[in-house]
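Here is the note on the structure that is shown below. Please read the points with the sequence and the model side by side.

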Amino acid sequence: MQSFEVIRERLAKQNQDHLLRFWNDLNDEEKEKFVRQLDTIQIEKVNELYERADSSFRQLEKTYLDDKMKPMPASRSESEENCPPETLEAYRNQGFEEISRGHVAVVLLAGGQGTRLGVDYPKGMYSVGLPSGKTLFQIQAERIRRLQTLAKEKTGRYGKIPWYIMTSGPTDKQSAKFLEKNSYFGLSENDVILFKQGLLPCFDFDGKILLDGKGSVALAPDGNGGIYRSLAANGILEDMQRRGVKYVHVHSVDNILVKVADPVFIGYCRSKDADCGAKVVRKNGPNEAVGVVCLVDNRVQVVEYSEITERTANLKDNKGDLVFSSGNICNHFFTVDFLKDIAKHYEDKLKLHVAKKKIPHVDDDGVFVKPSKPCGIKIEKFVFDVFEFSKRFHTWEVPRRSEFSAMKNADSEKKDCPSTAKSDLLTLHKAYIEKAGGVVECDKVEISPLLSYDGENLEERVKGKVFSSEIVLKSNEEM
């Protein structure tokens with residue numbers, strides 16, 4: 001660890017020595033702790049990050065991307081709904097083959113707290129009020145277990161799907177305790193690996209780093225794009241290689257409909273020899289606040305709705321469909337080789353995104369304040385900003401009704417909230433049951449992920465039966 005004198009000199013050279021203005025108010029223990037924290041912050045690189053982020057933000061304020069955009073070419077895009085059944089089955093079988101050989105892993109982006117949902121614990125621990133009471137963590141863990149069983153039934157081999165969970169400082173300990181308490185929902189403890197995303201200092205609008213205590217720098221998670229640095233720094237890429245993992249499914253925790261390690265998606269990307277892929281859904285209208293996957297200057301990019309004009313957002317093709325309709329849903333395929341390449345050569349070239357925030361901090365008088373309006377910025381990286389470095393990128397369009405229901409807001413918003421997530425999942429389960437020959441007369445019939453991954457294995461349990469009251473259809477091991 002560097003000495004206080006060396007750290008003070010480095011801070012002064014980078015015009016960040018204001019961080020030490022309350023040094024004399026600290027006791028010896030607080031001083032030692034503060035020096036340890038400052039020693040971990042590469043102040044020169046942090047200042048460079050701020051300059052890059054500020055420059056990017058100012059450019060975005062002035063520039064629209066309309067004239068540089070093209071939709072993804074048909075040769076690099078396919079749709080599940082338009083795919084011939086035999087091709088779909090071929091993709092699924094190829095996915096099962098890779099799973100059964102232990103070639104597939106899942107990385108869950110679970111760094112978000114449930115603040116906007118009105119709770120003080122990680123989103124993965126949230127229950128939307130299903131009849132079973134299952135949380136997002138449990139639903140997704142059980143989908144992995146079912147998929148491993150399906151792959152064995154299909155191929156005769158049992159391959160494990162390692163579950164890597166990227167947490168953040170605020171969610172790591174709670175997530176770990178919750179998973180341990182619940183015995184990892186039936187997964188092997190050795191196959192559930194938690195690692196933390198990185199942190200970056202928060203700044204005021206003049207580029208000065210903020211304090212959240214007289215002896216503590218205000219830090220915030222570096223965004224889901226911090227995954228690439230964290231995979232390398234925490235030895236996750238090495239662990240994947242040791243296990244024989246070749247392909248990785250990355251997704252966010254708050255999509256209750258996510259098909260974890262979807263064999264169709266894995267098989268599709270493998271058949272195209274993709275190094276990187278994205279699931280997309282068709283935008284529900286030109287003004288939906290979702291980024292679109294497209295080409296910008298012939299490189300793949302996610303363009304946010306705020307980066308294009310109304311005219312471009314409303315463009316339609318000769319069939320009457322939106323030209324830019326491939327909505328990004330944070331659901332991605334990567335090869336391990338691609339992830340290694342990103343971590344080694346491109347991570348420091350990722351775009352930086354600036355968010356103006358109300359950041360609690362210590363003011364010049366040493367008083368801790370919780371501002372009522374934005375007072376500074378947080379710098380984030382986004383997981384999709386590696387798309388431009390892909391050499392073989394492909395998109396796979398999936399139906400929204402069966403694959404995407406985000407949970408971003410409290411129920412008071414009545415959109416992308418726990419109530420809509422619950423409704424969307426139960427509606428999907430109703431469709432599964434009716435397709436298998438059952439009749440559903442109520443809105444609270446739930447299917448355990450351990451019984452069925454995406455509608456299979458139901459006919460024997462539901463055909464000819466009428467479901468008129470709340471029930472959870474369980475697997476044999478749950479009964």
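The numbered points take up the basis of the model, a helix pair, the nonpolar cores and the strand pairing.

1. This is a predicted model, in which local features need pLDDT of at least 70 and side-chain atom pairs count only at pLDDT 80 or more, while totals for chains, interfaces and linings use all residues. Residues are numbered from 1 along each chain as its sequence is written, and side-chain values use heavy atoms, with hydrogens and water left out.

2. Helix α4 (residues 85-100) packs with helix α9 (residues 263-271) at an angle of about 95°, their axes being 6 Å apart; that makes α4 roughly perpendicular to α9 (a term for angles of 65 to 115 degrees). Axes are lines fitted to C-alpha atoms, for helices over the stretch in contact, and angles run from 0 to 180 degrees between N-to-C directions. Helices (H or I, at least four residues) and strands (E, at least two) are DSSP runs, numbered from the N terminus.

3. On the α4 side the contact (heavy atoms within 4.5 Å) includes L88, Y91 and F96, and on the α9 side it includes V264, I266 and Y268. By class, eight nonpolar, four polar and three charged residues make up the contact of α4 with α9.

4. The largest nonpolar core, a set of buried Ala, Val, Leu, Ile, Met, Phe, Trp, Tyr and Cys residues joined through side-chain atoms within 4.5 Å, has 44 residues, and F137, W163, I165, L179 and W396 have the most contacts inside it. Buried here means under 20% relative accessible area (1.4 Å probe, protein chains only). Among the elements that each supply at least two residues of this core are α4, α9 and β15 (326-335), but α5 gives the most, with six residues.

5. Leaving aside neighbours within four places in sequence, W396 is in contact with residues including L88, Y91, V264, Y268 and V280. Apart from the largest core lies another, of 37 residues, among them M166, M240, F387 and F393.

6. Strand β12 (residues 276-282) has six of its seven residues buried, so it is largely enclosed by the rest of the structure. Strands pair if DSSP finds at least two bridges between them; β12 pairs with β15 in the antiparallel sense over six bridges, with V280 opposite N328, and with strand β20 (residues 393-397) in the parallel sense over five bridges, where the bridge partner of G277 is H394.

7. Strand β19 (residues 376-380) is joined by two bridges to strand β7 (residues 203-204), running antiparallel, and F203 stands opposite I377. Strand β16 (residues 353-357) also pairs with β19 in the antiparallel sense, over five bridges, and A355 stands opposite K378.

How values were computed
Angles under 35 degrees count as roughly parallel, over 145 as roughly antiparallel, 65 to 115 as roughly perpendicular and the rest as oblique. Ala, Val, Leu, Ile, Met, Phe, Trp, Tyr, Cys and Pro count as nonpolar, Asp, Glu, Lys and Arg as charged, and the others, Gly among them, as polar. Buried means under 20% relative accessible area, exposed over 50%, partly exposed in between (1.4 Å probe, protein chains only).
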